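Dear colleague,

I am passing on the structure we spoke about, with the sequence alongside. My notes on what turned up in it follow below.

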Amino acid sequence: MENKTFTDALPLTMNSSEKQETVCIFGTGDFGRSLGFKMLQCGYSVVFGSRNSQMSSLLPHGAEVLSYSEAAKKSDIIIIAIHREHYNFLTELIELNGKILVDVSNNLKINQYPESNAEYLAQLVPRAHVVKAFNTISAWALQSGALDASRQVFVCGNDSEAKQRVMDIVRTLGLTPLDQGSLMAANEIENYPLQLFPMWRLPFYLSAALCVFFFFYCVLREVIYPYVYEKKDITFRMAVSIPNRVFPITALILLALVYLPGVIAAILQLYRGTKYRRFPDWLDHWMLCRKQLGLVALGFAFLHVLYTLVIPIRYYVRWRLRNINITQAASQKENSFSTTSAWLSDSYLALGILGFFLFVLLGITSLPSVSNIVNWREFRFVQSKLGYLTLILCTAHTLVYGGKRFLSPSILRWFLPSAYVLALIIPCIVLVIKFILIMPCIDNILTRIRQGWERNSKYSTLNKKSDV
Amino acid sequence: MENKTFTDALPLTMNSSEKQETVCIFGTGDFGRSLGFKMLQCGYSVVFGSRNSQMSSLLPHGAEVLSYSEAAKKSDIIIIAIHREHYNFLTELIELNGKILVDVSNNLKINQYPESNAEYLAQLVPRAHVVKAFNTISAWALQSGALDASRQVFVCGNDSEAKQRVMDIVRTLGLTPLDQGSLMAANEIENYPLQLFPMWRLPFYLSAALCVFFFFYCVLREVIYPYVYEKKDITFRMAVSIPNRVFPITALILLALVYLPGVIAAILQLYRGTKYRRFPDWLDHWMLCRKQLGLVALGFAFLHVLYTLVIPIRYYVRWRLRNINITQAASQKENSFSTTSAWLSDSYLALGILGFFLFVLLGITSLPSVSNIVNWREFRFVQSKLGYLTLILCTAHTLVYGGKRFLSPSILRWFLPSAYVLALIIPCIVLVIKFILIMPCIDNILTRIRQGWERNSKYSTLNKKSDV
Amino acid sequence: MENKTFTDALPLTMNSSEKQETVCIFGTGDFGRSLGFKMLQCGYSVVFGSRNSQMSSLLPHGAEVLSYSEAAKKSDIIIIAIHREHYNFLTELIELNGKILVDVSNNLKINQYPESNAEYLAQLVPRAHVVKAFNTISAWALQSGALDASRQVFVCGNDSEAKQRVMDIVRTLGLTPLDQGSLMAANEIENYPLQLFPMWRLPFYLSAALCVFFFFYCVLREVIYPYVYEKKDITFRMAVSIPNRVFPITALILLALVYLPGVIAAILQLYRGTKYRRFPDWLDHWMLCRKQLGLVALGFAFLHVLYTLVIPIRYYVRWRLRNINITQAASQKENSFSTTSAWLSDSYLALGILGFFLFVLLGITSLPSVSNIVNWREFRFVQSKLGYLTLILCTAHTLVYGGKRFLSPSILRWFLPSAYVLALIIPCIVLVIKFILIMPCIDNILTRIRQGWERNSKYSTLNKKSDV
């Protein structure tokens, strides 16, 4: 349950005549103490096992401190809140036989040891039932009750009854246990809290590189060039105008990069005539972070929208419009109205708005709670059909934007084309290849390959119609 | 767990001395092979059962292929990856007695057969424990690990232990099992992956019809009429101006349609004097897709906001403002300031902004993860109180918009009123009826009816105060 | 499963030869009848226990009505749909021994009785297994199937098998059981449906107070002052201009108040030299509603963005721009361009946009489904690092906004400074203290304290390196 108050005020009193369950905690470090504090709060008896069985003011009130072997006798469930390097002494404690040992340890680095701490513990004390749990919860969160972050506790272990009992404790503490299967999962569970957005790295670095490149490209064309030739100081353009060029370009390129691996994969499958050969690793990794690429692109698109909408409030824009008005008022000449310009301007805006709208829709459906309630067919429909429609709209938006500028004389500056022209290259390539791939003749072959058919297999008769 | 890397890199090695569990898969089709591949990756032994026990290059490395009866002997758990039409031969295999059969099949159409495939299988092999699972996962997702879509595997079955064992396998594969109860649920589970947004159809078609109608209505009044009488080509209005009329109108009507079934239901209950008679089917269906109607309305409102905010950037608007300036500058006359116009314009904008803000709030609370953490009382408060406030604000926004235009002469064109006038009909009806319904005298009766009281029941004494 | 159609169309037929499970419901009130109706729909046999065993037209078709003791004999599972005040007669029914009693009752007030209804029931019928469930579901939702709100049913009980059987029923009804542990949790589960946004109260009242104060402050300075001295009627400013001053100020102050308790806590910990003494209650409560404070602040920031973006569409703004144009056109003088003004205006806008963008990111990561898939390290990174960056950007945005105005003469009106100056006080204090706290010398001490070190502890040797 996500609601804080629900848990934070757990009853401290025991009205019923139930006997209190006793839990033993080995180790009196910060995490051990915090866990003990929380368990006492939730109605458990807590016994600490320690080398030094002296009571400490740091330990929560109501807890007992005993020697390791004394403490182990008091409870079926022993929480091992000790660093892995000091697990050795546990081999000597015969009291642990048949007990449930809960490994709560974390490492300092991902894959620090050849095997996970929990599996190592299971090897050291083979007669105990080792369960991995609690390592994703911070000591501070346990103490303060400020469990805004995840309340999920990943639990794994080979003994199903031991796992069930640990999951019951997790629930009583107001947390959500998630059964992750056997102890083999411990390695992943131990790596989990050390990760810092692993899937977001590629999209982040990629977008940062694109931003920096296009920023300097635009500064060169639009700030340095006029300064060199016209001695105009328009550095202020670096605050809004140039970002508003860089952001949409980055967004469009990233969006195209979401769909590029899909067409590359299709070409590979067509070329190989089978879907059963693995893709190269770079393609696999690329395909797995498409969602993140798309969300970063959406972020840039959002910034582009805001930067565009503030245009009329900018001092520079108001000043320019005013000066145009004054000169025109002086010449007393009415402006002529160009229907073509009106059409271009309006369809440019309409395409952008619709593209952004679909992009936001895609973003919302990629929220975990939303993607969980759609089935595979619906998810594919949104991410593939609507996704390509978004790409088409955004590419058209950029093309129409160009449509107004192609005629102006000063396109090439120092032989450099406008930045948006560069932005169009990848999206256009993706759309052209996709257009070829969906032509019936090619699409049929691809569909058959994806259903398991093989071009060169002598065993293809094996793929009987009767099997799913 | 949603995090991909967590599962995708599941340990392939078995450090511990555990014996590998063996799973048998009947059928070597695409889905069977993909499932086998994933199971091998996750540390299971896999035996394929096949008519033709010859090893194939298509089958994942490390798997064994045997005849059906040989394969069935190797494992307690047999995954039936065969099309339903070929289930018949299973009746002859006595090896299946007492085994857990996992039905993974899907149909091509919703409700294709009178009973679900899993129930049919349970009838064919009455001595086995049939569990339905895995049918919502695609073969491609299993192979590639690209489980961006739902990781949820719906599981149902009559034998609780068999179900538990299948759920353990699901967990080990990095997926999330969802217990759906007994085998009766199999029908729904089999229909699930075939659905394509069933609750969104009515809102979608309704909004499409409204959009098309109002688009042509506005084109008639605002493009064709001026063309006929003034020979002006203002077709460019179809890109931004007219959509920005159609979208808010559609949004407002859809929002009113979210609250209309509620007031109809209340009137029906008042008229019948009981809440225990079923509503007509159309009303039931309408009430069930209110959330979707509201979200579609929010989409149109979002588009309206964007279309409105780009107004000052449009070429046409800039051109018109410039020309007004020039003519006024020529006449050298200062504009007079109308406080009424300022009030109307500003309150029009403020009402729209506040209405949109509440609308977005409503949308956010309808996200599954948010609506899960609010209780029934909170949900009702948001969806009912805030919902009506949103409707009031949006209706007022439209009324004030009209306030500025009612005075202008050219309202009726070809006897057609402005489109926004039509948009106001349903919202005003809903608000008036709701206003009547919340008057204390009527509200009291309605509240009693909804608590189970019956006007005409001779048994109404039965509704004793003691019962909940 | 969240998908409505899935459950609403549960099969009413029983193809398989299974015997129907019978459930007994004590009490024929509204909730009992609705639950019975739903259970019949889902394939259960339902027997009502009632004082008056006469069949009623109100009871769902297919259900049986018997006396309490007769009904209790028919089933292992008895749902007690009776108000707590009438529980007494249950003590006399010896048929209840060994049965599973499901307490579905709710109270009228939070903590109405010393112990929860379920615990009270367990005391009355000590030989039965009491399970708390279904109290969070409304009768109306059960009948209509309109389970848009939470489908979660909190279940708790001391007997694990009894709990499991009730959870199976919950699943069969298409709801999601959430195991909350032992019967001790019943109190919280009973309070849950009575809550109305408990964590949102402080943020709500605080923001309302800030809004009202700053609204009148601004009205005084910007409407009454000019009226008194210049007799100008600019009351229309109350619709857009003044809210657009009040909202960003409230947003900025609330955002600073999100980070203020953190720095106060750090100062307290530094001063006390330990993290093991509890914070004062007001600080605890403040820290627990930081997320809600931040989300309210985001709401105001969103309103500020919309109010700002509509500026160019406002009648008043257009009128003023036009008049400036006319007077300038009359004077035939070109405007001079100030690069400083352009820089200030553009960086003001850019800072605001970037700040708002990060703010939206923070809001998205606080969605339950998103915060569930990030680990503790990632959550801290976003909420702390990105959070402070947002605060810095928004404070800088306000400072630069001032930068343009500091030079204008009429700052003080009736000795009152501009409202935005007041808004800057708390954010600047927070940022200055935070800047001091992250200086290495202080940060090191704080980090050690938060890892469990104590300045004045004679037992600090106890905090051995070996313990987690």
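To begin at the surface, Arg201(A), Arg377(C), Arg380(C), Lys385(C) and Arg450(C) together form a positive patch, and please keep in mind throughout that this is a predicted model. The main contributor to the positive patch is helix α15 of chain C, residues 376-405, which gives three residues. Arg450(C), one of the members of the patch, has its place in helix α18 of chain C, which covers residues 440-450. With a relative accessibility of 38%, Arg450(C) counts as partly exposed, because that class lies between the 20% below which a residue is buried and the 50% above which a residue is exposed.

A second patch on the surface is nonpolar, and is formed by Leu220(A), Ile224(A), Tyr227(A), Val228(A), Tyr229(A) and Trp414(A), which together have about 560 Å² of accessible area. Within this group, Ile224(A) is placed in helix α8 of chain A, and its relative accessibility of 36% puts Ile224(A) in the partly exposed class.

Turning to the charged pairs, side chains of opposite charge can pair when their charged atoms come close. Over all chains, the structure holds 42 salt bridges, and three of the pairs are described here in some detail.

In chain A, a salt bridge joins the side chains of Glu222(A) and Arg237(A), with an N to O distance of 3.4 Å. This pair links distant parts of the chain, since Glu222(A) belongs to helix α8 (residues 201-230) while Arg237(A) sits in the loop between α8 and α9 (243-272), 15 residues apart. Both ends are covered: Glu222(A) counts as buried at 7% relative accessibility, and Arg237(A) counts as buried at 16%.

In chain B, Arg84(B) makes a salt bridge with Glu115(B), where the closest N and O atoms are 2.6 Å apart. Because Arg84(B) lies in the loop between β4 (77-80) and β5 (100-103), and Glu115(B) in the loop between β5 and α4 (117-124), the pair ties together parts of chain B that are 31 residues apart in sequence. Arg84(B) is buried, with a relative accessible area of 7%, and Glu115(B) is likewise buried, at 14% relative accessibility.

In chain C, the salt bridge between the side chains of Arg165(C) and Asp76(C) has an N to O distance of 3.3 Å. Arg165(C) is in helix α6 (residues 160-172) and Asp76(C) in the loop between α3 (68-73) and β4 (77-80), so this pair ties together parts of chain C that are 89 residues apart in sequence. Here the two residues are partly exposed, Arg165(C) at 27% relative accessibility and Asp76(C) with a relative accessible area of 43%.

Salt bridges also link Lys163(A), Asp179(A), Asp168(B) and Arg171(B) in a network.

Two points on packing remain. In α4(B), the residues Asn117(B), Ala118(B), Glu119(B), Tyr120(B) and Leu121(B) are buried, and the buried residues of this helix pack against β4, β5, β6 (129-132) and α7 (186-191) of chain B. In chain A, Leu431(A) lies in helix α17, residues 425-437, and, leaving aside neighbours within four places in sequence, Leu431(A) is in contact with Tyr388(A), Leu391(A), Ile392(A) and Thr395(A). Leu431(A) and Val263(A) are 168 residues apart in sequence, while their C-alpha atoms are 9.4 Å apart in space.

With best regards

Note on methods: Residues are numbered from 1 along each chain as its sequence is written. Chains are lettered from A and ligands numbered from 1 in the order in which they are written. This is a predicted model: local features need pLDDT of at least 70, side-chain atom pairs count only at pLDDT 80 or more; totals for chains, interfaces and linings use all residues. Side-chain values use heavy atoms; hydrogens and water are left out. A salt bridge is a side-chain nitrogen of Lys or Arg within 4 Å of a carboxyl oxygen of Asp or Glu. Helices (H or I, at least four residues) and strands (E, at least two) are DSSP runs, numbered from the N terminus. Buried means under 20% relative accessible area, exposed over 50%, partly exposed in between (1.4 Å probe, protein chains only). Patches are made of residues with over 30% relative accessible area and no salt bridge: like charges are joined within 9 Å, nonpolar side chains (Val, Leu, Ile, Met, Phe, Trp, Tyr) within 5 Å. Accessible areas come from the Shrake-Rupley method with a 1.4 Å probe; for residues, only the protein chains shown count as cover. Lys and Arg count as positive and Asp and Glu as negative; His and the chain ends are not counted. The place of a charge is taken as NZ of Lys, CZ of Arg, CG of Asp or CD of Glu. Contact means heavy atoms within 4.5 Å.
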